[in-house]
Amino acid sequence: MAKDRISIAVIRRLPRYYRHLEELLQSGVVRMSSRQLAQRMGITASQIRQDLNCFGGFGQQGYGYNVEYLKNEIASILGVNRLYKIIILGVGNIGRALINNFNFEKRGFQLLAAFDVSEDVVGTDIGGVRVHHINELEAYISEHKPDVAVLTLPRSAAPEVAVRLVNSGIHGLWNFTNIDLHLSDERVKVENVHFSDSLMTLCYRLGEDEK
């Protein structure tokens, strides 16, 4: 099956597989069946087999999956081993938290720099990352060629900054601004992150037993 025809639902499950396989490998687990992995992840063994068959299967009947091999194959599919270059726009609470606590390199990204408008932070280092003024954005992108930008700036500024980023050659946006960005250039990939969506889903699930 061609990679561009694989459903987004399957793609969104791959990071979960990667995370669980990584934890299993750290625990010393060498081999695992689809049934065991399904029990750990809370999905069905059939779902796992269907998902992985989109990329070739990777398992052996009667043996299961080699944990390290499967983890490495999923890493390759996701592009974790490519080390894309990434920048952060906005160093407020979320931006600082990502810089200080999120391991970008472990997930396939090299964090190059951050940008802000506040003179209190411009020119400083946060977690070893230099903060530049937003006015330097286009020149920096032209010189350093980042692939992806993380948006953790005020939502009112997001659409304009997104256009600047796309026009400068950015290929992907990880958007935490609490608005959905829909770009005219379909070649630019956008992941809109809404913490409230996850919380409201939990709210619904908590109320299921009361219905």
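Select strand S7 and show its side chains: Val-148 and Val-150 point to one side, Ala-149 and Leu-151 to the other, and all four are buried, so that both faces of the strand are covered. The model you are looking at is predicted.

**Around S7**

Keep S7, residues 148-151, on screen and add strand S3, residues 84-89. The two strands run parallel and are joined by four bridges. Two pairs are worth labelling here. Ile-86 stands opposite Val-148, and Leu-89 stands opposite Leu-151.

Next, select strand S8, residues 172-175. S8 pairs with S7 in the parallel sense, again over four bridges. Label Asn-175, the partner in S8 of Leu-151. Leu-151 therefore has a partner in S3, Leu-89, as well as Asn-175 in S8.

To see how the chain gets from S7 to S8, select helix H7, residues 158-167. S7, H7 and S8 together make a right-handed β-α-β unit.

**From S3 to S4**

Return to S3 and select strand S4, residues 109-116. Six bridges join these strands, which run parallel. Click on Ile-86 once more: its bridge partner in S4 is Leu-111, while in S7 Ile-86 stands opposite Val-148.

Now add helix H5, residues 93-101. With S3 and S4, this helix makes another β-α-β unit, and the unit is right-handed.

**On to S6**

Select strand S6, residues 129-133. S6 runs parallel to S4, and three bridges join them. Label Ala-114 in S4 and Val-131 in S6, which stand opposite each other.

Then pick His-132, also in S6. Is this residue buried or exposed? His-132 has a relative accessible area of 17%, and buried means under 20%, so His-132 counts as buried. Show the residues around it. Leaving out residues up to four places away in sequence, His-132 touches Ala-113, Ala-114, Phe-115, Asp-116, Val-122 and Tyr-140.

**The whole sheet**

Finally, zoom out and select the seven strands of the sheet. In what order do they lie? Reading across, the order is S5-S6-S4-S3-S7-S8-S9. The sheet is open, and its pairing is mixed. At the edges are S5, residues 125-126, and S9, residues 189-192, each of which pairs on one side only.

Methods. Residues are numbered from 1 along each chain as its sequence is written. This is a predicted model: local features need pLDDT of at least 70, side-chain atom pairs count only at pLDDT 80 or more; totals for chains, interfaces and linings use all residues. Side-chain values use heavy atoms; hydrogens and water are left out. Two strands pair if DSSP finds at least two bridges between them. A crossover is right-handed if, with the strands pointing away from the viewer, the path from the first strand over the helix to the second runs clockwise. Buried means under 20% relative accessible area, exposed over 50%, partly exposed in between (1.4 Å probe, protein chains only). Contact means heavy atoms within 4.5 Å.
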